[in-house]
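Open the model in your viewer and keep the selection panel handy. We will go from stop to stop, with something to pick at each one.

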Amino acid sequence: MTIATIILLSLVVAVSAFIQGAVGVGFALIIAPVFSLVNPDLVPVVLLFIMLPLNFLVMYREWGALDKRGTAWITAGRTVGGILGVLILAWISARSLNILIGVSTVLAAAASLLAPSFTPGIKSLLGAGFITGVTETATGIGGPPLALAYQHHPPAVLRSTIAACFLIGEILSLIMLAIGGRINAGHVVDSLYFIPAVLIGVWASRVVHHRIGGKGLRAGVMIFAIAAGLFLTVREFV
């Protein structure tokens, strides 16, 4: 990559890290298509690498609000889903997977808008973790299922819990991808280019994260989930 490309991508990374640090979701949705357009080799490995410090810092910042029980159940489902995600990369085309994920996400988001407030049970958490494991390992995008599961929780709980689930999941996905021979030294070098931008974005989000919540946060989460689903679906037909 040229210096100009690195600078341009770093700006996008910083803005995306700011959004996720403030709202709790959105980083991968923004970065995945940009990375794919500039250099497809950056997805999903580099995307997963640079999300490690992002989610660690968000989790640490709001550690007191973390839903540890929910994180444990999601991680259990996430582990199984991650294994399946690696296998899916070898079994079916990414196009078919993205279409399936995209349509399912839009339908889930639409249904949640009509559903009353709820607290996710064990089955819901396992399911959200499983779907996230499949999608994040295979495509780098895993936020919608977790966002839907925690949409009715207080903002700090949503941000910290999703960050913790992402962090654990990203580590698992990277281990599985490494075992599958899909990580090389170039991925590590490329990741280091964007870490400073991630840190800047998360630091800046501290100014506004405590002001975002309630109906506005839920609306943002729903928009994010629907946009993610539409993006995954539409991009396969253009």
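**First stop: a helix pair**

Select helix α4 (residues 68-91) together with helix α6 (residues 122-139): their axes come within 6 Å and cross at roughly 35 degrees. The crossing of α4 and α6 is right-handed. Now show the side chains where this pair meets. By class, the contact of α4 with α6 holds 14 nonpolar, nine polar and three charged residues. Please keep in mind throughout that this is a predicted model.

**Stepping back: the whole chain**

Clear the selection and switch to a cartoon view. You should find ten helices and zero strands. Following the chain along its sequence gives the pattern α-α-α-α-α-α-α-α-α-α. If you colour by accessibility, buried residues make up 49% of the 238 residues in the chain.

**Into the nonpolar core**

Which residues have the most contacts inside the largest nonpolar core? Select Val13, Phe27, Phe35, Ile50 and Phe194, and you have them; the core itself has 46 residues. At least two core residues each are supplied by α1 (3-23), α2, α3 (45-61), α6, α7 (143-149), α8 (155-179), α9 (185-205) and α10 (214-234). Spend a moment on α8, since the largest share of this core, eight residues, comes from that helix. As background for this view, nonpolar side chains in soluble globular proteins tend to be buried together.

While you have α8 on screen, select Gly169, which is found in this helix. Is Gly169 buried or exposed? Gly169 counts as buried because its relative accessibility is 0%, and the cut-off for buried is under 20%. For a distance to draw, pick the C-alpha atoms of Gly169 and Thr132: the two residues are 37 apart along the chain, and these atoms are separated by 8.4 Å.

**The cavity**

Next, turn on a cavity display. The count comes to one cavity of 30 Å³ or more, with about 50 Å³ of space in the largest cavity. Its lining has 14 residues, and those nearest the centre are Gly26, Ala28, Gly143, Phe166 and Phe224. Colour the lining by class and you get eight nonpolar, five polar and one charged. Which helix gives the most to this lining? Helix α2 (residues 27-38) does, with three residues.

Keep Phe224 selected and add Pro144. Their C-alpha atoms lie 7.3 Å apart in space, while 80 residues separate them in sequence. Pro144 sits in helix α7, and this proline counts as buried because its relative accessibility is 5%.

**Three loops to visit**

Start with the loop between α1 and α2, and select Val25 there. Val25 is buried, as its relative accessible area is 3%. Measure from Val25 to Gly142 in your viewer: C-alpha to C-alpha, they are 9.6 Å apart, with their positions 117 residues apart in sequence.

Move on to the loop between α6 and α7, where Gly140 is found. At 0% relative accessibility, Gly140 also belongs with the buried residues. Its C-alpha atom and that of Glu170 are separated by 9.1 Å, for two residues 30 apart along the chain.

Finish in the loop between α2 and α3, where you can select Pro44. What is the peptide bond from Val43 to Pro44, cis or trans? Display the backbone there: this bond is cis, with omega near 0 degrees. For context, most peptide bonds are trans.

Conventions: Residues numbered from 1 in each chain as written. Predicted model: local features only at pLDDT ≥ 70, side-chain atom pairs only at ≥ 80, totals over all residues. Heavy atoms only, no water. 1 Å grid on protein atoms, 1.4 Å probe; cavity = no way out; pocket = protein on both sides within 12 Å on 5 of 7 lines; lining within 4 Å. Points joined across faces, edges and corners; volume = space filled by probe spheres on them. Helix = DSSP H or I, 4+ residues; strand = E, 2+ residues; numbered from the N terminus. Nonpolar A, V, L, I, M, F, W, Y, C, P; charged D, E, K, R; others polar. Axes fitted to C-alpha atoms, helices over the stretch in contact; angles between N-to-C directions. Left-handed = near helix turned anticlockwise from the far one by under 90°. Core = buried A, V, L, I, M, F, W, Y, C linked by side-chain atoms within 4.5 Å. Buried < 20%, exposed > 50% of the residue type's maximum accessible area, 1.4 Å probe, protein only.
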